[in-house]
Amino acid sequence: MKSLVFLLLLATCGVALAARLQGVSVPSLLSKYRSIAPKSKSTTRSANITEEFFTTEVDHFNHQDDATWSNRYLVSMDHFVESGPLLIFLTGDIPLDPSLIDENTLINEMARDLGGAVFALETRFYGESQPVGDLNVESLRLLSTDQILADVADFVLHLRRTVIGNPFAHALVAGTGLGGGLATWFRVRYPHLADAAWSSSGYLSAVYDFQDFSFGWAETAIVAGSQECYNRIYIAFHVAQNLLEAGFGEVLYEKLNLCSPVDADDRIQVAYFFSVLMTSIELYTLRNGDLEEFKTVCDEITGESFTTSLDAFAVWFNTRFVENDGCIIVNFDQFVESLRETSASAEISMAGERQFLYQQCTEYGWFITTDSDLQPFGERVQMELYYEMCRRVFGEWVTSELMYRSTVRTNDRFGGSTPNVMQVHFTNGAFDPWRYTSIVSDLNPYALADVIPGELAGADLGAISEENDTEEVIAVKRRLKELFESYMFPFNPR
């Protein structure tokens, strides 16, 4: 995949791989945050998914401004019958794509069983759903959870009144990653508009310093890969730190095929360099939601042909992650400059990188650091890097205090890991590092949680497959279908 910068998401897995810029590769440290789309094990697609638009307000909370815009969504009415429910998939920060609601998805299977209509709603400022046409800071003030949820509220009303003509139609909101968080928060904020919500690997707790991500990744690497694999990565990163500190950065410049040496005296440049290395292996192992990726990577890194652990990591980094695609740019200033792009049609904007960073800086956090002692990536990636990133990209008004208070405010408003909510179901993979922002135990008898053994994120999103799904995954999918039928039609089972 060739692109201007290394920030374009793959629609099927929600993470970035290496790209080219005149013979060089520009790594992204943001893409590991991104949600994943449903994993499909079939190429069959519904032929009856259409693209539509509905009109909603640009600013729902400024009644002196009546400006409107057209929000994009997808719809499938293949299984809809009169009095059937609305099943709405919130895309969060991932691109709008038919694969989110096609015949290979569980939400479409639910629609078939319940006689429902299926929809996928694109989030404001992402993809082609642009309220004001640009992504400058003044415009991005309209990108907030409250504005997004108000869009969803208008969408439900639009579907009931205009699309199916039933003002009392039952509704389920669902999503994965950020979309799973939005689905839960919608049920918190607008319980009269959604009968139930499904959060699949949803991001629910705002976390300023998300040090548990790399800890969670390390847990999975040891179990799915090996302890030796963890040890080799640990040694490689700590040797790299020591080489920089001792003035031997030239060794890393040559071994890792960097476009320029790392300035060991610049704390931010050093932090960015190590974030690139950390991102590379986290991205690669998580990109398809398949635990076998951990084993494959670990088998390569623990091969007996390498003299040192740093050599093993360097060979993997240059032959697998970037696939010999040219030297690697590890210049923080260039990375920041790419994120300052404000055109909504730019490639980086279509990938949602600037938008998602803005939401991290002002609401969610989820900044992945090496502050935990229980991870192998050294100690150099700290919150200072992300504060500098937010400040340089969006302006001096961003402070570390503002970033921290924003995460506290988000949790205060929506409940964090203990939202006061009912008729919601939470699913997570037992090996997914994002589970540390999600809900993994029952909140009450009507807000239950399933943690699926042996899985990463998104194992529950696909339609039931007796051939490909494990018994645990099939059991969770069947439970989801039964619960949501009971939540939406408690007195009249369909």
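**Figure 1. Helix α3 and the glycine that follows it.** In this predicted model, helix α3 is followed by G165, a residue with a positive phi near 65°. The helix itself covers residues 145-163. Its 19 residues should span 27 Å at 1.5 Å a residue, and the end C-alpha atoms are 25 Å apart, which agrees. Helix α3 is mostly covered, with 14 of its 19 residues buried.

**Figure 2. Helix α5 and its packing partners.** Helix α5 comprises residues 212-225. For its 14 residues a span of 20 Å is expected at 1.5 Å a residue; the distance between the end C-alpha atoms is 19 Å, in agreement with that value. The buried residues of the helix are F213, S214, F215, G216, W217, A218, T220, A221 and A224. These buried residues of α5 pack against three helices, namely α6 (227-245), α8 (267-286) and α9 (292-301).

**Figure 3. The aromatic pair of W217 and F377.** Aromatic pairs in the model number 35. In one of them, W217 and F377 are tilted with respect to each other, with 5.3 Å from centre to centre and 50° between the planes. The term "tilted" applies because planes under 30 degrees apart would count as stacked and planes over 60 as edge-to-face. This pair links distant parts of the chain: W217 belongs to helix α5, whereas F377 lies in the loop between β10 (365-367) and α14 (383-394), 160 residues apart. Both W217 and F377 are buried.

**Figure 4. The aromatic cluster that includes W217.** Ring pairs join W217 and F377 into a cluster with F237, F273, F274, Y284, F294, F313, W316 and F317. One member of the cluster, Y284, also has a charged neighbour: R287 lies over the face of the Y284 ring, at 3.9 Å from the ring centre.

**Figure 5. Strand β11 between β7 and β12.** Strand β11 consists of residues 424-429, and six of its six residues are buried, so the strand is largely enclosed by the rest of the structure. In a regular strand, side chains alternate between the two faces of the sheet. In β11, V424, F426 and N428 point one way, while H425, T427 and G429 point the other way; all of them are buried. Strand β7 (residues 196-200) runs parallel to β11 and is joined to it by four bridges. Within this pairing, W198 has H425 of β11 as its bridge partner. Strand β12 (residues 447-452) also pairs with β11 in the parallel sense, over six bridges. Here the bridge partner of F426 is A449 in β12.

**Figure 6. The disulfide of C229 and C298.** Three disulfides are found in the whole structure. In this one, the sulfur atoms of C229 and C298 are 2.1 Å apart. The link is left-handed, with -70° about the S-S bond. C229 is in helix α6 and C298 in helix α9, so the disulfide ties together parts that are 69 residues apart in sequence. C229 is buried at a relative accessible area of 1%, and C298 also counts as buried, at 4% relative accessibility.

**Figure 7. The disulfide of C259 and C327.** C259 is joined to C327 by a disulfide with an S to S distance of 2.1 Å. This link is right-handed, with 90° about the S-S bond. C259 lies in the loop between α7 (249-255) and α8, and C327 lies in strand β9 (residues 327-328), so this disulfide ties together parts that are 68 residues apart in sequence. C259 counts as partly exposed at 28% relative accessibility. C327 is likewise partly exposed, at 21%; a value under 20% would have counted as buried.

**Figure 8. The disulfide of C361 and C390, and the overall pattern.** The sulfur atoms of C361 and C390 are 2.0 Å apart and form a disulfide. The torsion about this S-S bond is about -80°, so the link is left-handed. Because C361 lies in helix α13 (residues 353-364) and C390 in helix α14, the pair ties together parts that are 29 residues apart in sequence. Both cysteines, C361 and C390, are buried. With bonded cysteines counted along the chain, the disulfides follow the pattern 1-3, 2-4, 5-6.

Definitions and conventions
Residues are numbered from 1 along each chain as its sequence is written. This is a predicted model: local features need pLDDT of at least 70, side-chain atom pairs count only at pLDDT 80 or more; totals for chains, interfaces and linings use all residues. Side-chain values use heavy atoms; hydrogens and water are left out. Rings of Phe, Tyr and Trp (its six-membered ring) pair if their centres lie within 6.5 Å; planes under 30 degrees apart count as stacked, over 60 as edge-to-face and the rest as tilted. Helices (H or I, at least four residues) and strands (E, at least two) are DSSP runs, numbered from the N terminus. Buried means under 20% relative accessible area, exposed over 50%, partly exposed in between (1.4 Å probe, protein chains only). A charge sits over a ring if NZ of Lys or CZ of Arg is within 6 Å of the ring centre and within 35 degrees of the ring normal. The expected span of a helix is 1.5 Å times one less than its number of residues. Contact means heavy atoms within 4.5 Å. Two strands pair if DSSP finds at least two bridges between them. A disulfide is a pair of cysteine sulfur atoms within 2.5 Å.
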